[in-house]
Amino acid sequence: MLDRETPMPRTRSRISSWSAALLTTVTAVGCATGSGDTPSPDAEPTSLTYYADAKPVLDRHCVSCHSADGAGPFALDTFDAVEPWKEAVVAAVEAGTMPPWMPDTDCRHYPGERVMSDDDKAILKQWVDDGAAEGDEADAVDVELPSLDLPNPSLSMTAAEPYTPDPARPDDYRCLLLDQDFDVDTFITGYQVVPDKKEIVHHVLLYVVPPESLDEFNQVDAAEEGPGFTCFSDPGVDSMLFGTWVPGAPATTLPNNIGFEVPAGSKLAMQVHYNLVDNAPVADQTAVEVQLADTTPLYSALNLVLAESDFEVPPGQSSYVAEGTFENTFPFPVTIISSLPHMHLLGRSIRFDHVDAEGTETCIVDIPDWDFNWQQTYDLAPDDFIVVEPGESTKVTCEWDNSAENQPVVNGERLEPATVHWGEGTLEEMCVVIITAIPDRL
């Protein structure tokens, strides 16, 4: 029996094991400032231009989202596109709101992090201060643009037909079987969710439904009108969580020799959370793209859901903290390769730590200024994986702001503060970290 730890002030705290969490499943870039010799101290300073100076910075940090087909609300991929937004761009990068990157770099660094150097920020500001000249296109420097998309997906899948959320439910959770058969043992090494109607798709969970569970899944599906069936947290049949998508998340790719197993005869399913609080229901056919391994990986990955659900956030309180501790009760070490923190609209901060046998805490991810619109999985570099030995723990710490000023706006009106508990709905709250792990020491 595990001893209960002393609760934090204003906090309800409990201890859950990793094996219990498993029950929810089964199983900095240098700056480019133009070319030429260093001017002498007496030389007249040269004004920066778009092509020679600003464009390389914008291409590295902004254009992957801010392009004609990107997720950003406007493009920044040409001089004409940037010019009307130049002051707003400088203000956003100086304030740290762009590029969007929530983790505190004092905790740790991650592959692919969207962090703009002080030198690059200074280039954009100086270009604008110099008059934001276009310059000569011949001075442009080729920059390899980062991509948020899954490289070379093997398959793209959807449900057999679109689903229109129930207008009677502000939060509609729907489990839908995807239209792809797997005739042989297969391993997924990367995935990406492509929401069809972004304005109503709140989040997506992806599951492997093994052949022995398909009949039960189809029976539940047939018993409810329309595509799929209502489900909460999981499909309600024996299955394995392998993927997650939340707003702002890029594609997920696993390191070499690691994959999620899809046994022969299985199918994939997705649980889509449709939120209609401020949007009308429309037919949605969200797609899932996966990357498949050519050969059997050395390691099979699993996802663990570490959730602190015992909290009650009082109305009007601007800072309320809850903490959950999760012990590795498996008889073997577990290696954490990525983590996805998750809260809802009232979240203020969330932190995830490894606690070793001596009680020393090591930060895995720290989001000091939570933003629901910029959630994602944070992959650890292979030489930075976290090994949690049997008996060691991880700790999730969540903080909420339930003040009147921080309430969501629904149908044009700001809500009044109310007591908030754990719940699946957008206007309820969560304190969750989903980890991708290997049941071994890497």
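**Figure 1. Strand β3 of the predicted model, with its side chains pointing to two sides**. D171, Y173, C175 and L177 point one way from β3, while D172, R174 and L176 point the other way. Residues on both sides are buried. In a regular strand, side chains alternate between the two faces of the sheet. Seven of the seven residues of β3 are buried, and the strand is therefore largely enclosed by the rest of the structure.

**Figure 2. Pairing of β3 with β10 and β6.** Strand β3 (residues 171-177) is joined to strand β10 (residues 267-275) by seven bridges, and the two run antiparallel. The bridge partner of D171 in β10 is N275, and L177 stands opposite A269 of that strand. Strand β3 also pairs with β6 in the antiparallel sense, here over two bridges. In β6, F229 is the bridge partner of C175.

**Figure 3. The open sheet β6-β3-β10-β5-β7.** Five strands make up this open sheet in the order given, with antiparallel pairing. At the edges stand β6 (229-230) and β7 (240-245); each has a single partner strand, so one side of each is left without a neighbour in the sheet. Strands of a sheet pair through backbone hydrogen bonds, in either a parallel or an antiparallel manner.

**Figure 4. Strand β9 and its partners β4 and β12.** Four of the five residues of strand β9 (residues 258-262) are buried, so β9 is largely enclosed by the rest of the structure. Three bridges connect β9 to strand β4 (residues 186-194), and these two strands run antiparallel. T186 has V262 in β9 as its bridge partner. With strand β12 (residues 299-300), β9 shares two bridges, and this pair runs parallel. In β12, S300 stands opposite G259.

**Figure 5. F352 in the largest nonpolar core.** The largest nonpolar core has 80 residues, of which F242, L268, F352 and W400 touch the most other members. Neighbours within four places in sequence aside, F352 is in contact with L306, I336, S339, T362, C363, I364, V365, T394, K395, V396, V433 and I435. Apart from this core lies another, of 19 residues, including L48, Y51, V90 and M116. In soluble globular proteins, nonpolar side chains tend to be buried together.

**Figure 6. A nonpolar surface patch around L427.** L345, L415 and L427 make a nonpolar surface patch of about 200 Å². L427 is found in the loop between β24 (420-421) and β25 (432-438). The relative accessibility of L427 is 39%, a value between the limits of 20% for buried and 50% for exposed residues; L427 therefore counts as partly exposed.

**Figure 7. The protein chain as the setting for the close-up views.** Six helices and 25 strands are present in the protein chain. Of its 442 residues, 50% are buried. The accessible surface of the protein chain comes to about 20600 Å², and carbon and sulfur atoms account for 48% of this area.

Note on methods
Residues numbered from 1 in each chain as written. Predicted model: local features only at pLDDT ≥ 70, side-chain atom pairs only at ≥ 80, totals over all residues. Heavy atoms only, no water. Buried < 20%, exposed > 50% of the residue type's maximum accessible area, 1.4 Å probe, protein only. Pairing = 2+ DSSP bridges. Core = buried A, V, L, I, M, F, W, Y, C linked by side-chain atoms within 4.5 Å. Contact = heavy atoms within 4.5 Å. Areas by Shrake-Rupley, 256 points an atom, 1.4 Å probe, with all protein chains shown as cover. Patch = residues over 30% accessible without salt bridge, like charges linked within 9 Å, V, L, I, M, F, W, Y side chains within 5 Å. Salt bridge = Lys/Arg side-chain N within 4 Å of Asp/Glu carboxyl O.
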